[in-house]
Amino acid sequence: MDPVQYFRIRLSTIRPDKVTTFDIFIHIDGKYILYVKTGDKLSDTKIKTMHYKDTGDSFYIKMEDKAKYQNWVREEMNSDLLNPFEKAKILHESSVALMEDLFENPDVNTALDESRPIIKDFIEVMENVPDAMGFMISLSGHDFYTYNHSLDVSIYSLGLGKALGFNKEDLEELGVSALFHDIGKRSVSLDILCKKGGLSDAEWEQMKMHPQYGLVILNNHPNISDAIKAACFEHHESWAGNGYPQQLMADEIHPFARIVAITDTYDAMTTQRSYNVPLKPFDAVTMMKEKLAGRYDPEMLKAMYSVLFKLKVA
Ligand SMILES: [Fe+2]
Ligand SMILES: [Fe+2]
């Protein structure tokens with residue numbers, strides 16, 4: 001067993017010809033093989049030939065270099081050498097990697113703190129380059145692991161919060177709360193979470209406990225805001241009053257939870273899972289409006305259309 005801990009990255013976060021400040025390893029046959037030494041750079045051709053091998057499970061850095069890598073990515077975000085779409089892609093890809101790490105972190109306070117800079121970066125991109133946000137939304141929804149799902153729900157929620165006129169501070173709180181809305185799924189058994197096909201009644205009852213489980217986790221940590229707790233505990237409530245666990249209705253449901261209720265369902269409907277065919281964005285929102293009428297805050301659902309269809313997607 002290799003005593004060194006590694007952190008997975010996506011090769012697409014590495015811009016060609018930029019000198020690295022960390023070693024990059026390829027993971028082949030259970031071994032980590034040095035691929036790019038600190039101080040070397042990746043050529044464009046090398047990135048292109050390697051790219052198709054990047055299934056998301058191939059490239060790593062040493063865990064101890066994680067902060068260096070994050071700074072390196074942040075530097076990219078501030079450089080003039082990349083266009084907004086390249087920046088948006090790098091931010092999205094690097095956040096996916098960070099998500100996995102966040103969701104394995106047993107210390108929720110640290111995870112929440114570490115997630116704030118990510119959310120701030122997204123808000124920055126959204127404020128400065130609205131087109132890049134549309135592009136980022138188009139990058140979302142490719143697979144359905146809790147952390148990717150949470151990141152996507154967070155990105156959609158930021159878009160929706162912005163459309164609803166939220167200020168920066170509220171957007172930050174909203175982005176973080178959306179990231180952690182499903183934190184209670186940590187307490188649901190993996191067999192249930194990963195089961196393909198339908199759940200039995202008993203399994204479904206377990207699954208429906210995740211808002212309560214989440215609240216227990218968040219209550220165990222000091223300094224977590226009520227808004228973050230509400231998004232977690234109330235995101236399966238329904239505007240009409242027939243959701244769970246408390247059957248709250250309309251304005252009784254915290255606005256963050258009403259937002260997450262929309263973006264969460266939207267992500268589930270438009271994401272490829274092994275057992276479903278994803279809906280197109282327009283079909284998903286229309287279905288939420290027509291077939292699931294009454295479940296969502298109608299004004300917010302209207303705003304969701306504007307988020308998805310007025311933003312120019314590259
Ligand atoms: Fe949920
Ligand atoms: Fe969710």
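The domain assignment splits this chain into domain 1, residues 1-66, and domain 2, residues 83-310. Keep in mind that this is a predicted model. The C-alpha centres of the two domains are 30 Å apart. Where they meet, six residues of domain 1 are in contact with eight residues of domain 2. On the domain 1 side of that contact, we have two nonpolar, two polar and two charged residues.

Next, the core. The largest nonpolar core has 73 residues, and those that touch the most other members are Phe 122, Ala 231, Val 260, Ile 262 and Met 304. Both domain 1 and domain 2 give residues to this core, so it lies between them. Take Phe 122 from that group. Leaving aside residues up to four places away in sequence, Phe 122 touches Leu 91, Ile 155, Leu 158 and Gly 175.

Now two single positions, both in helices. Ser 177 sits in helix α7, which covers residues 168-179. Is Ser 177 buried or exposed? The count is 29 other C-beta atoms within 10 Å, and the cut-off for buried is 20 or more, so Ser 177 is buried. Its contacts, again without residues up to four places away in sequence, are Ala 227, Ile 228, Ala 231 and Phe 256. Ala 231 is also one of the core residues I named a moment ago. As for distance, Ser 177 and Thr 271 are 94 residues apart in sequence, and their C-alpha atoms are 21 Å apart in space.

The second position is Ala 261, in helix α12, residues 255-270. Ala 261 has 26 other C-beta atoms within 10 Å and is therefore buried as well. Which residues does Ala 261 touch, not counting those up to four places away in sequence? They are His 235, Glu 237 and Tyr 296. Arg 10 is 251 residues from Ala 261 along the chain, and the C-alpha atoms of the two are separated by 30 Å.

On to a helix pair. Helix α13, residues 281-290, packs with helix α14, residues 298-310, at an angle of about 175 degrees, and the axes are 11 Å apart. The cut-off for roughly antiparallel is over 145 degrees, so that is what α13 and α14 are to each other. From α13 the contact uses Pro 281, Val 285, Met 288 and Lys 289, and from α14 it uses Leu 301, Met 304, Tyr 305 and Leu 308. By class, that makes seven nonpolar residues, no polar ones and one charged. Met 304 turns up here and also in the core list.

Last, some backbone details in the loops. In the loop between α11, residues 226-234, and α12 we find Pro 245. The peptide bond from Tyr 244 to Pro 245 is cis, with omega near 5 degrees. Gln 247 lies in the loop between α11 and α12 too. Phi of Gln 247 is positive, near 50 degrees, and the residue is not a glycine. With 12 C-beta neighbours inside 10 Å, Gln 247 counts as exposed, because the cut-off for exposed is 12 or fewer.

Where is the other positive phi I want to show, that of Asp 29? Asp 29 is in the loop between β2, residues 24-28, and β3, residues 31-36. Asp 29 is not a glycine either, and its phi is about 50 degrees. It has 5 other C-beta atoms within 10 Å, so Asp 29 is exposed.

Conventions. Residues numbered from 1 in each chain as written. Chains lettered and ligands numbered in written order. Predicted model: local features only at pLDDT ≥ 70, side-chain atom pairs only at ≥ 80, totals over all residues. Helix = DSSP H or I, 4+ residues; strand = E, 2+ residues; numbered from the N terminus. Contact = placed C-beta atoms within 7 Å. Core = buried A, V, L, I, M, F, W, Y, C linked by C-beta atoms within 7 Å. Domains from an automatic or database assignment. Axes fitted to C-alpha atoms, helices over the stretch in contact; angles between N-to-C directions. Parallel < 35°, antiparallel > 145°, perpendicular 65-115°, else oblique. Nonpolar A, V, L, I, M, F, W, Y, C, P; charged D, E, K, R; others polar.
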